[in-house]
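Colleague: I should like to learn how to read several features of a structure, one after another. Would you take me through them, beginning with the cysteines?

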Amino acid sequence: MSSHSLMKTLVIAEKPSVARDIAAALGIKKKTADHFENDDYVVTSAVGHVVELFMPEDIDKKLRVWKMDSLPIIPEVFEVKPIEKTKDVFAGLKKLMQRKDIDGLINACDAGREGELIFTYICQAAGCKKPVWRLWMQSMTKKGILEAFNHLREGAEMAPLCDAARSRSEADWLIGINGTRAVTARMFGSRRGKAATVGRVQTPTLALVVERERAIRNFVPRDYWRIQGIFDVSKGRYEGVYQKPNFKKADDDDRADRLWTEAEALAIVNEARTAEWAEVSEEKKRTRQGSPRLYDLTTLQREANNRYGMPAGATLRAAQSLYEKHKLLTYPRTDARCLPEDYLPVCKAVMGSLAVGEGGEVSREGLARFAVQALDESYVRFDKRIFDNKGISDHFAIIPTEASADGKKLSADEAKIYDMVARRFVAAFYPSAEFDVTTRISSIGEHRFRTEGKVLAVPGWLDVYGRTVGKDELPAISEKDGKPPRAKVAGVESLAEQTRPPVRYTEATLLTAMETAGKDLEDEELVEAMKEKGLGTPATRAQTIDHLINEQYMERQGRDLAPTGKAEGLIDFLNAVNIQSLVSAHLTGDWEYRLKLIEERKLSRDDFMKGIREHAERVVEKAKSYTESEQDVTQLDFNAPSDGQPMLESVRAFRSQDGTISIYKTLATRMISVDEVRELVTKGQVGPLDGFRSKKGKPFSAILKLEEGKVGFVFDNNASGENGTEEGGEALDFDKLTVVGINPRDGTKVYETPSAFASESYLKGDREKGIRIFRTILGKTIPTEEAKKLFADGKTGVIDGFISKRTRRPFKAFLVLDAKKGGISFEFPPREPSKKKTAAKAESESAES
């Protein structure tokens with residue numbers, strides 16, 4: 001930085017709020033419209049990205065039109081331009097950079113790859129060649145900011161991170177632009193307005209979700225039987241489960257307590273029932289569960305989703321706000337779960353601040369009580385699981401700062417995330433929790449029944465989460481039960497069960513899958529080992545999930561993530577074309593690992609980009625050279641009305657052999673099934689069908705109608721004419737609609753239309769006596785059979801799958817018809833016994849050792 005007294009250093013932050021905090025920490029009070037200034041510094045900010053790479057049409061206007069013969073597009077040099085909506089912000093930054101009294105710049109954008117890219121592109125677009133220093137902030141407190149200013153990094157030191165940032169951006173451009181244009185051209189041809197967006201990270205992530213959905217759909221359950229024994233001892237009754245002798249796992253479904261034939265199960269049951277007594281042996285041992293590790297961003301997002309149903313993006317926004325606005329957390333976009341080895345004094349200070357309650361006094365209430373205990377008992381000491389320089393990179397684990405949360409007006413999400421991080425920080429220093437585990441074997445001849453009892457003996461770190469010493473619910477063996485002890489056989493029965501399909505991804509489980517490049521790992525050490533080969537980074541994974549939802553490739557169903565028909569069509573096409581590099585999580589994870597190697601100076605940017613260019617060229621070549629083979633086309637069992645020949649199913653569409661009829665397999669993001677096409681082709685229309693989505697993402701229902709070889713939508717949501725004519729739609733043909741009942745108010749028929757169950761009177765304009773009940777209520781489409789029950793009996797059966805607007809949780813209920821008013825209401829079935837885990841139990845089960 002300048003030593004000349006008249007020269008100044010320009011500090012560029014990523015956001016205005018950060019610029020304000022930096023100015024305040026430096027004691028700069030003078031403020032103009034777009035910057036703060038004193039004798040040494042000018043402090044200003046961008047508003048996130050204000051510069052972007054040239055798009056193809058900026059390189060050559062001819063590339064505005066998407067044509068296969070113009071691909072691949074491989075720029076020799078990647079140029080940048082100001083983003084249109086923030087061009088005034090960029091102009092202000094450029095003006096400050098060009099001031100003659102500015103002789104150096106400090107990059108104060110977020111301390112990570114993306115912050116490096118934002119600053120680098122601004123300098124490139126402005127043509128600024130002045131010296132650069134890097135401000136690397138771990139916390140946004142005044143102390144943290146001044147500490148960072150005292151340890152500015154040289155610009156040359158940041159070159160590898162800058163190279164990785166540019167490489168990531170250019171790689172996403174090359175794969176995204178070329179892949180999207182090539183795949184769109186082959187999937188949709190000249191269909192205007194259609195785009196099959198693909199990306200280096202988003203498409204392999206989507207492939208994971210589609211693969212899981214198909215595993216669920218294609219799952220065939222297997223019957224098995226478990227045998228349960230009921231035993232009495234002097235102090236009570238307990239249950240045991242039969243265990244196969246000398247068990248060796250034969251396949252993924254096999255378990256020690258599963259019998260695969262009913263005959264085998266009944267033979268054991270009948271033999272065991274003849275016995276009056278079982279011989280009992282047991283083993284008791286004390287086990288320990290170590291305190292959980294500190295949070296990195298992905299783990300925080302995963303647990304917030306499990307505990308509160310918070311989307312990953314919402315967790316990141318809350319954590320970022322707690323870092324930037326409230327100064328309560330350290331930098332959140334981290335993949336580390338350790339702290340620097342010299343951070344013990346800082347941790348003691350943070351624990352001290354958490355021990356202070358309202359009014360600045362040491363508190364014995366809430367979390368403060370546990371912080372006080374941690375200090376009093378000297379729990380805060382060096383531990384390699386917490387302090388490990390090898391476990392950190394540019395950032396360390398997310399922990400609270402010394403700033404007090406008292407008086408802070410936190411949002412509900414912010415309060416939840418702060419409590420999670422603060423509580424985890426305190427718990428990490430606590431001793432292990434200890435459990436007494438009893439394994440009891442009750443033997444009836446050669447048949448062994450296993451019973452396990454586990455009780456918390458020493459809460460340790462679980463005390464911080466509200467767990468207390470438990471009571472053993474397994475009745476103990478006493479002298480009254482004899483030597484060796486025996487238990488009376490009170491009953492033996494077989495339980496018929498079935499294997500269960502895989503479960504859909506939630507954001508929590510998808511984050512784990514992205515972190516491990518699709519590998520199904522539960523062991524924490526294996527997860528850690530895969531981190532560098534994951535899909536995306538902690539800072540971008542939430543954005544990837546949100547982008548897939550916004551592009552209507554996925555949708556949230558309660559807490560689950562489900563792929564749309566648009567997603568399945570894309571993955572089917574990529575598999576048919578054999579572009580494995582766009583669907584393989586493993587291959588994409590390798591690219592992410594190579595970016596990490598660039599940051600570590602172990603791989604050159606030129607070598608990385610050479611591989612990416614070749615990758616983009618292969619994608620285009622495979623799309624160009626793809627032709628449908630006979631293996632890609634299936635002959636269906638119904639004929640087309642145009643030529644009387646069997647309809648054909650290809651990767652992209654259903655079509656007649658004479659080419660007159662072509663029905664794309666995905667319409668408005670919904671997959672069209674073979675059975676639906678059969679009805680559409682043979683009857684001229686099908687429906688009403690649900691699950692379509694508009695360009696704005698809103699769900700809708702419609703009847704599909706086939707006319708002159710083309711498919712059109714028929715709606716009913718604006719019925720107004722005498723014959724049920726729609727505004728912007730076609731007239732409903734009552735003869736082709738399903739009748740679900742009779743309107744109790746006027747005796748007219750009630751039809752199932754695309755969006756409702758509506759009486760003929762309503763559809764002809766009678767709003768006084770007519771009835772109209774939406775087919776989809778709180779996210780659940782009412783089955784036709786249940787609608788028939790509603791109008792026949794005044795009440796449906798129990799319908800599961802409604803989604804609460806307030807909690808976003810699914811619930812089940814009856815629908816009840818008000819015959820006088822024509823409306824409906826919910827009637828709730830009796831509540832089942834609660835199986836909800838306490839927060840402490842959930843924490844115990846999710847804790848990583």
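**Reading the features in turn**

Modeller: By the distance rule for sulfur pairs, the count of disulfides comes to zero. C338 takes part in no disulfide, and its nearest cysteine sulfur, that of C347, is 11 Å away. C347 is likewise in no disulfide, its nearest cysteine sulfur being that of C338, 11 Å away. Please keep in mind that this is a predicted model.

Colleague: Is C338 buried or exposed? And is C347 buried or exposed?

Modeller: The cut-off for buried is under 20% relative accessible area. C338 counts as buried because its relative accessibility is 3%. C347 is buried too, with a relative accessible area of 0%.

Colleague: How does one describe two packed helices?

Modeller: Two packed helices are described by the angle between their axes and by the distance between those axes. Here, the axes of helix 9 (residues 297-308) and helix 13 (residues 412-428) come within 11 Å and cross at roughly 120°. The crossing of helix 9 and helix 13 is right-handed.

Colleague: Which residues meet where helix 9 packs on helix 13?

Modeller: From helix 9, L300, E303, A304, R307 and Y308 meet K416, I417, M420, V421 and R424 of helix 13. The residues of this contact comprise six nonpolar, no polar and four charged.

Colleague: Let us turn to the sheet. In what order do its strands lie?

Modeller: One reads a sheet by its strand order and by the direction of pairing. Four strands form an open sheet in the order 17-18-19-20, with antiparallel pairing. Strand 17 (634-639) and strand 20 (662-664) are the edge strands, each pairing on one side only. On average, neighbouring strands of the sheet are turned by 25° against each other, direction ignored.

Colleague: How many bridges join strand 17 to strand 18, and which helix packs on the sheet?

Modeller: Three bridges join strand 17 to strand 18 (residues 646-649), and the two run antiparallel. N639 stands opposite P646 in strand 18. Helix 20 (residues 674-683) packs on the sheet and touches strand 17, strand 18, strand 19 (653-655) and strand 20. The direction of helix 20 makes about 40° with that of strand 17.

Colleague: Finally, where is the place of K736, and which residues does K736 touch?

Modeller: K736 lies in the loop between strand 25 (710-714) and strand 26 (738-742). Its relative accessibility is 43%, so K736 counts as partly exposed. Not counting residues up to four places away in sequence, K736 touches K683 and Q685. K736 and G589 are 147 residues apart in sequence and 52 Å apart in space, C-alpha to C-alpha.

Definitions and conventions:
Residues are numbered from 1 along each chain as its sequence is written. This is a predicted model: local features need pLDDT of at least 70, side-chain atom pairs count only at pLDDT 80 or more; totals for chains, interfaces and linings use all residues. Side-chain values use heavy atoms; hydrogens and water are left out. Two strands pair if DSSP finds at least two bridges between them. Axes are lines fitted to C-alpha atoms, for helices over the stretch in contact, and angles run from 0 to 180 degrees between N-to-C directions. Contact means heavy atoms within 4.5 Å. A crossing is left-handed if the near helix is turned anticlockwise from the far one by less than a right angle, and right-handed if clockwise. Ala, Val, Leu, Ile, Met, Phe, Trp, Tyr, Cys and Pro count as nonpolar, Asp, Glu, Lys and Arg as charged, and the others, Gly among them, as polar. A disulfide is a pair of cysteine sulfur atoms within 2.5 Å. Buried means under 20% relative accessible area, exposed over 50%, partly exposed in between (1.4 Å probe, protein chains only).
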